[in-house]
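Q: Please take a close look at one part of this structure, the kind of place where pairing partners can be followed one by one, and then work outwards from there to the rest. I would like a connected account rather than a list.

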Amino acid sequence: MKKVAFYTLGCKLNFAESSSIARSLEPMGFVRAEFQDQPDLFVINTCSVTEQADKKCKKVVREAKKVNPNSTVVIIGCYAQLKPEEISAIPGVDLVLGANEKFQLPTLLPPYLHRESADLPKLIASEIRYDLDYHASYSVNDRTRTFLKVQDGCDYPCSYCTIPLARGQSRSDTVEKVLGLIEEISAKGVKEIVLTGVNIGDFGIQNGKRVETFFQLVQAIEEKSSIQRFRISSIEPNLLTSEMITFLGVSTKFVPHFHIPLQSGSNAVLRLMKRRYQRELYVDRVTSIKEVMPNACIGVDVIVGHPGETPELFLETYEFLNGLDISYLHVFPYSERPNTYAVDIQPKVDGMQKSERSKMLHILSDKKRRAFYESQAGLKGQVLFEESASPGTMEGFSENYVRVVVPFDPLQINTIQSVRYKSLSEAGEMLGVVLEHKA
């Protein structure tokens, strides 16, 4: 048996694809191993959302060659599609596969394992096409919950983003095929599925035409799935309709946890970003969710330091978020990406200002998260226990994404238990007690 280790950077979508590609290597005799297990093959699935992701890729290659100098190193993912020549020049890289080629890894790999020719091309990455095939993917055995890819690509030309250049146009699986994958996953004992995609609310486009909608998928899952619970990974505010919010409010399978990208709380900056909404719509979505799901957890993506974001416009964002009934923030300092609209927008925001703004929002996020957790103390929730947190304890997430710590019980790992929340620890974790044991 040969060993393969995957190192995945970036989003949940990448984790789903890494897991599926790993399974596709099993007929070749590969077993999945940890990074330090001296694998014969390293596959690095890259992200290119930020400059830091690019730097991480280079560092992982160096570390892989330290672990096993004789290993084969393959790079896939968004960075591989956007800058293939740059990656192929990194010492230690044997093969770079673009978006069209990464799912062909089992077919393309053998010559690189056996070093049959010193003249083998390092780069097999064609230009991004608009008619890319859709490849279904899901993760298993990586975590208690499974990430199920239902959509890929994006048709939104946001000013700061390279994802359309790296993944092509929006395209999706069919509702029928997604339901089939859910049953396949269910047979593996999975208790929770996270639906993921680049622009998941745009689900339903096949061969360039819209034939279904994300709401139809949600309704079909509610009616026909045997899995106990589902999360929606992230959905654009303009695609999260009032009809869908009402439906999710009474769902028995979709949990009250939303992650809704905002990016800026200033309408002027939203226009510079080429976003498809204004902040008034965002307020409407948050208000609607809280009306039907008062204990819902709402996470928010925010970019700081986008070109044109003056100190005054940033304060608009800060004050907007401070007054919004949300639960936590994911904060991203703007990172300039070639071939995007934002490159030409002035004025630029220097690194120190981006760092200061990021720090302010991280502090606000901590405040929001703690306030949300405190609002849940004394209530009950259904917690999926995943792993040991520290000696004598285990942790998991409730349906509304409260991280709960209780005394360890090996029989309760990968089970959903009814838990009463007691109080917050000094570290900000919710301490709880299991009310009844469920098999």
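A: A good place to begin is a single bridge: Glu192 has Arg229 as its bridge partner in β14. The model is a predicted one, and what follows should be read in that light. The bridge belongs to the pairing of strand β11 (residues 192–196) with β14, which runs in the parallel sense over 4 bridges. These two strands are part of an open sheet of 4 strands, ordered β7-β8-β11-β14, in which the pairing is mixed. At the edges stand β7 (137–138) and β14 (229–232); each has a single partner strand, so one side of each has no neighbour in the sheet.

Going from β14 towards the other edge, β11 is joined to β8 by 4 bridges, and these two strands run parallel. One of the contacts along this seam can be named, since Phe147 has Val194 as its bridge partner in β11. On the far side, the sense changes: β7 and β8 pair in the antiparallel sense over 2 bridges, and there Tyr138 has Leu148 as its bridge partner in β8. The mixed character of the sheet can thus be followed strand by strand, with parallel pairing between β11 and β14, parallel pairing between β8 and β11, and antiparallel pairing between β7 and β8. As background, strands of a sheet pair through backbone hydrogen bonds, either parallel or antiparallel.

The side chains of β8 deserve a separate look. Thr146 and Leu148 point one way from this strand, while Phe147 and Lys149 point the other way, and all four are buried. Helix α8 (residues 175–186) packs on the sheet, where it touches β7, β8 (146–149), β11 and β14, and its direction makes about 160° with that of β8.

Two charged side chains can be related to this region through aromatic rings. The charged end of Lys149, a residue that is buried in β8, sits over the ring of Tyr134 at 5.1 Å from its centre. The ring of Tyr138, the residue whose bridge partner is Leu148, has the charged end of Arg23 over it, 4.2 Å from the ring centre. Arg23 falls within helix α1, which covers residues 12–24. The 13 residues of this helix should span 18 Å at 1.5 Å a residue, because the expected span counts one less than the number of residues, and the end C-alpha atoms lie 19 Å apart, which agrees. The buried residues of α1 include Leu13, Ala16, Ile21 and Ala22, and also the polar or charged Asn14, Glu17 and Ser18.

Aromatic rings recur elsewhere, with 8 aromatic pairs in the structure. In one of them, the ring centres of Tyr7 and Phe35 are 5.8 Å apart and the planes meet at 75°, so the pair is edge-to-face. Tyr7 belongs to strand β1 (residues 2–8) and Phe35 to the loop between β2 and β3, so this pair ties together parts that are 28 residues apart in sequence. The two partners differ in accessibility: Tyr7 is partly exposed, with a relative accessible area of 35%, whereas Phe35 counts as buried at 16%. Ring pairs also bring in Phe42, linking it with Tyr7 and Phe35 into a cluster. In the loop between β2 (30–32) and β3 (41–46) there is also Gln36, which counts as exposed at 59% relative accessibility. The C-alpha atom of Gln36 is separated by 8.4 Å from that of Ala64, 28 residues away along the chain.

Another loop, the one between β5 (95–97) and α5 (105–108), holds Glu101. This residue is buried, with a relative accessible area of 9%, and beyond its neighbours up to four places away in sequence Glu101 touches Leu108, Ile124, Ala125 and Ser126.

For comparison with the mixed sheet, there is an open sheet of 3 strands in the order β15-β16-β17, where the pairing is parallel. Here β15 (257–263) and β17 (328–333) stand at the edges with a single partner strand each, so one side of each is left without a neighbour in the sheet. On average, and ignoring direction, neighbouring strands of this sheet are turned by 20° against each other. Strand β16 (residues 297–304) pairs with β17 in the parallel sense over 6 bridges, and within this pairing Val300 stands opposite Leu329 in β17. Helix α13 (residues 311–322) lies across β15, β16 and β17, running at about 175° to β16.

Note on methods. Residues numbered from 1 in each chain as written. Predicted model: local features only at pLDDT ≥ 70, side-chain atom pairs only at ≥ 80, totals over all residues. Heavy atoms only, no water. Buried < 20%, exposed > 50% of the residue type's maximum accessible area, 1.4 Å probe, protein only. Contact = heavy atoms within 4.5 Å. Phe/Tyr/Trp six-rings, centres within 6.5 Å; stacked < 30°, edge-to-face > 60°. Lys NZ or Arg CZ within 6 Å of the ring centre and 35° of its normal. Pairing = 2+ DSSP bridges. Axes fitted to C-alpha atoms, helices over the stretch in contact; angles between N-to-C directions.
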